[in-house]
Amino acid sequence: MGQVISQEVDSLSARLSGSAPSSLGSAHQFSKEASVLSDAVDNTPIPQWQRREMQVQLRAMLRAVNTVIRKLETQLAAENAAVLLQKNGRKELLVDSVETDSLSVLMKTVNQLSAATPLSQVMLLSHQEDSGKILCACQVPKDSPGLAASDWAVAVCRHLGGSAGGSALVAKGTGSSGDITEALRWAEDFGRQKKQL
């Protein structure tokens, strides 16, 4: 059994050495395979030295693929932010949607938009059409009068039957809705009302 697992670890290592995953989906799939294999190594009766050797290999692979995932997410977020900046300009209150199934990419897009427009209050939503789930991420400038990111995200996600959390500056959460347009309108109205207080 140890020999079979060792061959699988070597095979996975060869795949990573041959070429790093080029898409977020393939990188996540690789990470998942490495994690499953790591569990198998932990739970298979094999000599301790062999287990340690394989775990070292798997941890190195996971670190490498996690670096690839972070880079791909950052690249995708930069592309999303550029499109949104071109579409919206530098608004004080920016509420829009992005096509992504990753809350991490959504949050990184919010961060990049906020860096490009430091005085803007930014909220992005992403609609998962297959499940009806809506991802939410927001960021507000430091000392933003009347609107804390956590209050904004919690209000929007509760309105969508979900939950959120974060700090006064950044927050994220999830909810559910079949109508992204209504969710965007509600989020913008809430942000506008809080800014006026």
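A residue counts as exposed when its relative accessible area is over 50%, as buried when that area is under 20%, and as partly exposed in between. Keep those cut-offs at hand as we walk through this predicted model. Lys 87 makes a good starting point: its relative accessible area is 57%, so Lys 87 is exposed. Its side chain meets that of Asp 96 in a salt bridge, with 3.0 Å from N to O. Asp 96 sits at 6% relative accessibility, and because that is under 20%, Asp 96 counts as buried. This salt bridge therefore joins an exposed lysine to a buried aspartate.

Side chains of opposite charge can pair when their charged atoms come close. How many salt bridges does a search of the whole structure find? The search finds 4, and two others are worth a visit here.

One of them links Glu 33 and Arg 15, whose closest N and O atoms are 2.7 Å apart. Glu 33 belongs to helix 2 (residues 24–43) and Arg 15 to helix 1 (residues 2–18), so this pair ties together parts that are 18 residues apart in sequence. Both partners are partly exposed: Glu 33 has a relative accessible area of 27%, and Arg 15 has 43%.

Now turn to helix 6, which spans residues 180–196. Here Arg 192 forms a salt bridge with Glu 188, with 2.4 Å between the closest N and O atoms. Arg 192 and Glu 188 are 4 residues apart in this helix, about one turn. Arg 192 is partly exposed at 39% relative accessible area, and Glu 188 is also partly exposed, at 24%.

Stay on helix 6 for an aromatic contact. A search of the whole structure finds 1 aromatic pair, and its members are Trp 186 and Phe 190, stacked at 5.6 Å centre to centre with 15° between the planes. Why does the pair count as stacked? Its planes are 15° apart, and planes under 30 degrees apart count as stacked. Trp 186 and Phe 190 both lie in helix 6, again 4 residues apart, about one turn of the helix. Trp 186 is partly exposed at 27% relative accessibility, whereas Phe 190 is buried, with a relative accessible area of 15%.

Our last stop is on the surface. Glu 99, Asp 101, Glu 129 and Asp 130 form a negative patch there. Of these residues, Glu 129 is found in the loop between strand 2 (121–128) and strand 3 (133–139). With a relative accessible area of 70%, Glu 129 is exposed.

Conventions: Residues numbered from 1 in each chain as written. Predicted model: local features only at pLDDT ≥ 70, side-chain atom pairs only at ≥ 80, totals over all residues. Heavy atoms only, no water. Patch = residues over 30% accessible without salt bridge, like charges linked within 9 Å, V, L, I, M, F, W, Y side chains within 5 Å. Areas by Shrake-Rupley, 256 points an atom, 1.4 Å probe, with all protein chains shown as cover. Lys, Arg positive; Asp, Glu negative; His and termini not counted. Charge placed at Lys NZ, Arg CZ, Asp CG, Glu CD. Helix = DSSP H or I, 4+ residues; strand = E, 2+ residues; numbered from the N terminus. Buried < 20%, exposed > 50% of the residue type's maximum accessible area, 1.4 Å probe, protein only. Phe/Tyr/Trp six-rings, centres within 6.5 Å; stacked < 30°, edge-to-face > 60°.
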